[in-house]
Amino acid sequence: PSQCSFKCIKMNENHNFKSLVRRFYALQAERVEAYKLFDEGHEAYLRTGPHYDFDHYRQLVHEITKAFCGISKEVLEIKQRLHQDFDRPDLSEHIEKLQIKEKQKLELTAKLQLAKQSAQDHPDDEGCQEKLQEIKHEIIKNKEALSEILQDFKYDSEEPE
């Protein structure tokens, strides 16, 4: 009986590990959706110019911030469980790197939104256009780094221990 119960525990641990990894991917998908809403909301805000509907936009920023905070909190809990409950410091390290890049992405997105408004308000200002392109390039590099981290996580989480 002890052999069987050990096997059952191991299978249950494996199931818990897989569901934790699945939840992590679901949270990443939620992040992608939140960014989409953020971008769409900002585009709608820009269409209200030159007399911008800032109150509506501020409410959007508040909602998006709340969503990102909730996602980050849960991702950090997963990171901790992977490290402590499943002895996978490699995976928690990937999540640590991912969180840093996600924070940068959010900061870059906010910068991009300000630059877009500035470029819209000053269409003849070359500096505004250059700044906009520069930030877009930084976002591309950030997304590539995020993608690489997620690939590493996927590879390491799928390999048998």
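Analyst: Buried means under 20% relative accessible area, exposed means over 50%, and partly exposed is in between (1.4 Å probe, protein chains only). This is a predicted model, where local features need pLDDT of at least 70, side-chain atom pairs count only at pLDDT 80 or more, and totals for chains, interfaces and linings use all residues. Residues are numbered from 1 along each chain as its sequence is written, and side-chain values use heavy atoms, leaving out hydrogens and water.

User: Is Glu134 buried, partly exposed or exposed, and why?

Analyst: Glu134 has a relative accessible area of 43%, so it counts as partly exposed. Lys131, at 39%, is partly exposed too.

User: What makes Glu134 and Lys131 a salt bridge?

Analyst: The rule asks for a side-chain nitrogen of Lys or Arg within 4 Å of a carboxyl oxygen of Asp or Glu. For Glu134 and Lys131 the closest N and O atoms are 3.5 Å apart, so the pair fits. Both sit in helix H4, three residues apart, about one turn of the helix (helices are DSSP runs of H or I, at least four residues, numbered from the N terminus).

User: How do you know that Glu96 and Lys79 link distant parts of the chain?

Analyst: Glu96 and Lys79 form a salt bridge with closest N and O atoms 2.7 Å apart. Glu96 belongs to helix H3 and Lys79 to helix H2, 17 residues apart.

User: Why does Asp55 get a different label from Arg58?

Analyst: Asp55 has 53% relative accessibility, so it counts as exposed, whereas Arg58, at 48%, counts as partly exposed. Their side chains meet in a salt bridge at 3.0 Å, N to O.

Note on methods. Helix = DSSP H or I, 4+ residues; strand = E, 2+ residues; numbered from the N terminus.
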